[in-house]
Amino acid sequence: MADNSTTQDPIYVVDELIAQDIDAYLDQHQHKTMLRFITCGSVDDGKSTLIGRLLYDSKMIFEDQLAALEDDSKRVGTQGQEIDFALLVDGLAAEREQGITIDVAYRFFSTEKRKFIVADTPGHEQYTRNMVTGASTADLAVILIDARKGVLTQTRRHSYLAHLIGIRNIVLAVNKMDLVGYDQSTYEHIVADYRTFANEIGITDFVAMPISGFKGDNITTPSDNTPWYSGPTLVDHLETVEVDSTLDQAKPFRMPVQWVNRPNLDFRGFSGLIATGSVAPGVAVRVLPSGKTSTVSKIVTFDGELDNAVAGQSVTICLADEIDCSRGDVIAVADAPPEVSDQFEATIVWMSDEPLHVGRGYWLKLGEQMVSVTVQEPKFKVDVNTMARNAAQTLELNEIGVAEIATDKPIVFESYEQDQALGGFILIDKMSNSTVAAGMLHFSLRRAQNVHWQALDIGRRQHADLKNQKPAVLWFTGLSGSGKSTIANLVEKKLYRMNRHTFLLDGDNVRHGLNKDLGFTEADRIENIRRVGEVAKLMADAGLIVVTAFISPFRAEREMVRAMLPEGEFVEVFIDTPLDVAEARDVKGLYKKARAGELKNFTGIDSPYEAPADPEIRIDTTRMSPEEAAEFIVNKLLGDL
Amino acid sequence: MHKTLTHLERLEAESIHIIREVVTEADKPVMLYSVGKDSAVMLHLARKAFYPSPPPFPLLHVDTTWKFKAMYELRDKMARESGMELLVYQNPEAAEKGINPFDHGPLHTDMWKTEGLKQALDLHGFDAAFGGARRDEEKSRAKERIFSFRTASHGWDPKNQRPELWNLYNARKNKGESIRVFPISNWTELDVWQYIHLNDIPIVPLYFAGKRPTVERDGMLLMVDDDRFPLEPGEVPVERSIRFRTLGCYPLTGAVESTASTLPEIIQETLLTTTSERQGRAIDKDAGGAGMEKKKQEGYF
């Protein structure tokens, strides 16, 4: 390891190739791809220092800028006599005075393989809108964590926002490793913590790495200080990660029409930026929302006609037939067109000091379409720190919520998850003309004009998405008379009132139908639980939140059901009522019969109850009323469901 | 049929999308054309955006009357070639007062450029003006939006910028407001040079090295472009092989000694030099660290 911050090898030693063979260098530069990424973290996480380091190491800082930087570092820097890289990227005068980054700034650097555009955004909660803005064009997010502090509330917020905006590539950069002595267990502990949280919010994959932006560890070259880390350096990863545009090309063809090109009576072309898929002359297309079909006759550009064009290219398309098509329309592949509708559910990020006015008209811009829209009262808003869903009458600056919206005429759209270009929108205040919100469409509430609805493969994901919830099985277990059914009933009622789609499987009602062939022998009890588990799993596949209330005395069977379900969906709720209390209650008189020998294999009497060792939720009914218990369970689950 | 787009292809597509967006959303757009290399790229992108139509807006040159002769020549040639109307505006007040870079220092830029631009936009009622600024040029530019709003008095409020998400641009403006649009915001200096090279875009010959009459003042090499250049007592122009990295008003723009006579050689020299592009211009050095930000708030482009 070098002895100070400025003697690391630069990312890109350009001089030799430039000096010796400029044509070869230009050829290399010409064929670079581009990656846009966002860095998430607060001032204290060393974000600006990291970006400054990337620019510095890739030689994007010229000598005169460096001289100014050295001068500034001594004058207003926070690193003593050392170079304060953060000063390179804090652009506006007000920010330099306050020592914080308050807006979105874009930085550029390149390596041998790629050109990079970094969106540098502030991390504090009051700048949620800035982060969302920066994230909207990013292929990748670098989530910075201070190794001394671990996963913090802000880490959760940044991750949630990055995930919300649809960034697939997440890098967990555990920074300031130099300040924790490059300790492996500190690092691994942080990564494990993060993984637990990431799974909860649906981030299935991320790449973690131990770094020091200040010292340069694992930024461009593997650090000797972390011999226990064998993964890629930050720059290696940025250079090789697959970019979203590749995935966009694999989707069906869609091009929002920006401008009709009509230089004379003999030429009529439709200009636009291809959103997804690819197109070639001869391809059958459909113009939405009219649904009229034609064939691509040619793809025109200044540099000549193209044999094919792909997502990310700006082109002009000519059609074989004279059909109506104007700005705002979408040209799509004929056999898999997008939907058209005028009522939607959407996630909305509010970006204005002026709160959302429910029912007021706003302009909505989506693709090249501009329509008038009204927003209903939000179904809920999300606490970006805890992911809890709270009731809301409106949305204020930096708040995120889910609401139904209605447009004054049908628009061509796709779910944001499927296609950002036809699913992402902004809302514009009609009075002030400012951009007040960003939104992401989930789905149409009705099929206003269903133009050749394409059959989807409906999986558990789609079922759950439609219900706007995360499926789960709340598995109540406890002795007979412990209060399982009573509390489970209350829980279901509460969830129902919160618009959750639920179903209660109760010990008694299942045994009257599905399992009426089963008795109470140990084998039958196991089969009983197996069947209930399978039914619960099917219901969870259908997107439901399933509440079950069975004694389910054996640990092995409960674990069997847990294993049937995706991780995190099985929630074991142990209704912990001591035997003497349950027996004293004896609501159905069963204990009395069992004691009298009239009931065989009765749990707690002549059959064992194996209490859960580590349930997700434990309820002590001697200290809580059923109402309190139900409230407790729902609150505990609220963030997850 | 998968095709990997290079960074230049992605940048080009983005810029074309922006230029088309302005044409459909603005009432009366105009492209500011300064004849420099960034303007050259921007004009080329506009021609690509609307081909086979010519770009449906005029070019506006806010003329200080102190541009190099070669710049005027290229300006007229490019307007002809693109089939676009060329509007030239010279601030009558500056002309009347005889404002020039030799006697008036910073006032020259202020009167001819800043005031001249405001007057030209007001005169024609343009509500959107394309500019060739890049975010990599200067720190305050790094935060400026692609669609950047100006008040009726052409001021810029950096703290009150609209969020810009995805590629959705909100071009709706309030009464009196106008928009500056920067289609090549995300390009770097190297990208601009490479694009000129790949697309064979005509640029002012002064970017290429040649023998030219020069004098040295305050550490800057100045080219004597015509007889309006007042020589100081004892000063004799010397023929040097020079070229310009950036082109402004000829007495304010410093040249560098160079033998780079092809584009690859220029790029080579640019990459190997250790001073940033704008150092040759006096304009950024006023007003300390926040020079450009201050100028922009006052209405400089």
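Modeller: First, some vocabulary: helices (H or I, at least four residues) and strands (E, at least two) are DSSP runs, numbered from the N terminus. This is a predicted model, where local features need pLDDT of at least 70, side-chain atom pairs count only at pLDDT 80 or more, and totals for chains, interfaces and linings use all residues. Residues are numbered from 1 along each chain as its sequence is written, while chains are lettered from A and ligands numbered from 1 in the order in which they are written.

Colleague: Let's begin with chain B. How many helices and strands does chain B have?

Modeller: Chain B has 9 helices and 10 strands. Of its 301 residues, 52% are buried. A residue is buried if 20 or more other C-beta atoms, placed from the backbone, lie within 10 Å of its own, exposed if 12 or fewer, and partly exposed in between.

Colleague: And domains? Which residues belong to domain 1 and domain 2 of chain B?

Modeller: Domain bounds come from an automatic or database domain assignment. For chain B, domain 1 is 7-193 + 290-298 and domain 2 is 204-281. Taken over C-alpha atoms, the centres of these two domains of chain B are 24 Å apart. Their contact takes 18 residues from domain 1 of chain B and 20 residues from domain 2 of chain B; two residues are in contact if their C-beta atoms, placed from the backbone, lie within 7 Å.

Colleague: Which element gives the most to the domain 1 side of that contact in chain B?

Modeller: H3(B) does, with 4 residues. Helix H3 (69-82), helix H5 (101-104) and helix H7 (189-199) of chain B are the elements that each give two or more residues to that side.

Colleague: Now for the two chains together. How many residues do chain B and chain A put into their contact?

Modeller: Chain B puts in 57 residues and chain A 61. On the chain B side, helix H1 (7-25), helix H2 (37-50), H7 and helix H8 (263-272) each supply at least two residues. H1(B) provides the largest share there, 10 residues.

Colleague: On to sheets. What should I look for first?

Modeller: Strands of a sheet pair through backbone hydrogen bonds, either parallel or antiparallel. Here two strands count as paired if DSSP finds at least two bridges between them.

Colleague: What is the strand order in the open sheet of 6 strands in chain A?

Modeller: The order is E2-E3-E1-E4-E5-E6, with mixed pairing. Strand E2 (105-110) and E6 of chain A are the edge strands, each pairing on one side only. Direction ignored, neighbouring strands of this sheet are turned by 25 degrees against each other on average. On this sheet packs H9(A), touching strand E4 (140-146), E5 and E6 of chain A, with a direction about 145 degrees from that of E5(A). Axes are lines fitted to C-alpha atoms, for helices over the stretch in contact, and angles run from 0 to 180 degrees between N-to-C directions.

Colleague: In what sense do E5 and E6 of chain A pair?

Modeller: Strand E5 (residues 169-175) and strand E6 (residues 207-210) of chain A are parallel, over 4 bridges. Val174(A) stands opposite Pro210(A) in E6(A). From E5(A) the chain crosses through helix H9 (residues 184-201) of chain A to E6(A), a right-handed β-α-β crossover. Right-handed: with the strands pointing away from the viewer, the path from the first strand over the helix to the second runs clockwise.

Colleague: What about the open sheet of 7 strands in chain A: which are its edge strands?

Modeller: Strand E7 (254-256) and strand E8 (259-264) of chain A, each of which pairs on one side only. The full order is E7-E15-E11-E12-E14-E9-E8, with antiparallel pairing. Inside that order, 4 bridges join strand E12 (residues 292-300) to strand E14 (residues 314-319) of chain A, and Val296(A) stands opposite Leu319(A) in E14(A).

Colleague: Last one: what about unusual backbone angles?

Modeller: Most residues other than glycine have a negative phi, and most peptide bonds are trans. Leu288(A) and Pro289(A) are joined by a cis peptide bond, with omega about 10 degrees.

Colleague: Pro289(A) lies in the loop between which strands?

Modeller: Between strand E11 (284-288) and E12 of chain A. A cis peptide bond also joins Tyr51(B) and Pro52(B), with omega about 5 degrees; Pro52(B) is in the loop between H2 and strand E2 (59-62) of chain B.

Colleague: And is Thr65(B), with its positive phi of about 65 degrees, buried or partly exposed?

Modeller: Thr65(B) counts as partly exposed because it has 15 other C-beta atoms within 10 Å. Thr65(B) sits in the loop between E2 and H3 of chain B.
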